[in-house]
Amino acid sequence: MVTPSAAALRALHHGRAPGDPLVLPGPWDAASARVFEEAGYEALATPSAGVALSLGYEDGQVPPKLMFEAVARITRAVGVPVTMDAETGYGLPAEELVDRVLEAGAVGCNLEDSYEGKGSTGVLRDPHEQADWLAQVRESAGDRLVVNARVDTFVRGVADPERAIERARLYVAAGADCVYPILAPPEAIPVLRAGIEGPLNVLAMPDGPSPRELGELGATRVTFGPGLLRRTMAALRDITDGLRRA
């Protein structure tokens, strides 16, 4: 099996036609990863929430050791590039974080720019501090990782797309390969596309536009978070209900 490379994953982000975004299903374990690879997907993106659910944790509560081990099982199971949701970096120095991601077999990572505050309140990190940290990650990684910088303005209640654009530009300048304004509404995607240089990651929602439609709006890359696991769990509930009725 040929070892996937960051160069291969990075290349998949470029030269894409409108309506043909890079679609990255989110495996939560080795079995689901193999299903997605067998279906013909060119790369995969682990969702932290999906992996957490599969391990019996809430999102953001998985011990880093268990998260890296889970990602390693996924990367060993497939021959396509895998990018890891590394959340906020687990408090690790940039060099150690890069080493841990690479040791797990991933060739890319998501990095968030907010953290949980008291109660259910989320706190956006200072964008300049985040950009400085992303620059450290880029320096440590060189070209070995595709860095997807998550922009959390929409998820933290800041609806103005210009605020997301401001952060995204700083992150691109710091060396991010792609930016991910998570939960951006469909109507904001053309504005984000016009204001952000480079690949744009958009989250597909169950009742929202299709990946092709998101691509036509300006998305370069489409991911699903834990959505595919939740749909799988719903299907499994239907199966178990049928077994009980039988």
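**View 1. Strands β3 and β4 lie side by side in the predicted model.** Strand β3 and strand β4 (residues 108-111) pair in the parallel sense, and 3 bridges link them. The structure shown here and in the views that follow is a predicted model, not an experimental one. Within this pairing, threonine 83 of β3 has glycine 108 of β4 as its bridge partner. The strands β3 and β4, taken together with helix α5 (residues 94-103), make a right-handed β-α-β unit.

**View 2. Strand β3 has neighbours on its faces and a further partner strand, β2.** In a regular strand the side chains alternate between the two faces of the sheet. In strand β3 (residues 82-85), Val82 and Met84 point to one side and Thr83 and Asp85 to the other, and these residues are all buried, so that both faces of the strand are covered. Strand β2 (residues 44-45) runs parallel to β3 and is joined to it by 2 bridges. In this pairing, leucine 44 stands opposite valine 82 of β3.

**View 3. The open sheet contains 5 strands in the order β2-β3-β4-β7-β8.** The pairing throughout this sheet is parallel. The strands β2 and β8 (178-181) stand at the edges and have a single partner strand each, so one side of each is left without a neighbour in the sheet.

**View 4. Strand β7 is covered on both of its faces.** The buried residues of β7 are Val146, Asn148 and Arg150 on one side, with Val147, Ala149 and Val151 on the other; in total, 6 of the 6 residues of this strand are buried. Strand β4 pairs with β7 in the parallel sense over 4 bridges, and in this pairing glycine 108 has valine 146 of β7 as its bridge partner. From β7 the chain crosses through α7 to β8, in a β-α-β crossover that is right-handed.

**View 5. Strands β7 and β8 run parallel and are joined by 4 bridges.** Two of the residue pairs can be picked out in this view: asparagine 148 has cysteine 178 of β8 as its bridge partner, while the bridge partner of alanine 149 in β8 is valine 179.

**View 6. Helix α6 turns one face towards its surroundings in the protein.** Helix α6 (residues 127-141) has 15 residues and reaches 21 Å from its first C-alpha to its last, which is close to the 21 Å expected at 1.5 Å a residue. The buried residues of α6 are Pro127, Gln130, Ala131, Trp133, Leu134, Val137, Arg138 and Ala141. Seen down the axis of the helix, these buried residues fall within an arc of 165°, so they line one face of α6. The elements that cover them include α1 (6-12), α5, β4, β7 (146-151) and α7 (161-173). On the other side of α6, by contrast, Asp132 and Glu139 are exposed.

**View 7. The two ends of helix α6 show local details of the backbone.** At the start of α6, a side-chain oxygen of aspartate 126 reaches to within 2.9 Å of the backbone nitrogen of histidine 128. Just after the helix, glycine 142 takes a positive phi of about 60°.

**View 8. Glutamate 96 belongs to helix α5.** This glutamate 96 is partly exposed, with a relative accessible area of 36%. The C-alpha atoms of glutamate 96 and serine 140 are separated by 8.8 Å, although the two residues are 44 residues apart along the chain.

Notes:
Residues numbered from 1 in each chain as written. Predicted model: local features only at pLDDT ≥ 70, side-chain atom pairs only at ≥ 80, totals over all residues. Heavy atoms only, no water. Buried < 20%, exposed > 50% of the residue type's maximum accessible area, 1.4 Å probe, protein only. Pairing = 2+ DSSP bridges. Right-handed = clockwise from strand over helix to strand, strands pointing away. Expected span 1.5 Å × (residues − 1). Arc of directions from axis to C-beta. Contact = heavy atoms within 4.5 Å. Polar contact = N/O pair within 3.5 Å; in protein donor to acceptor, adjacent residues only side chain to side chain.
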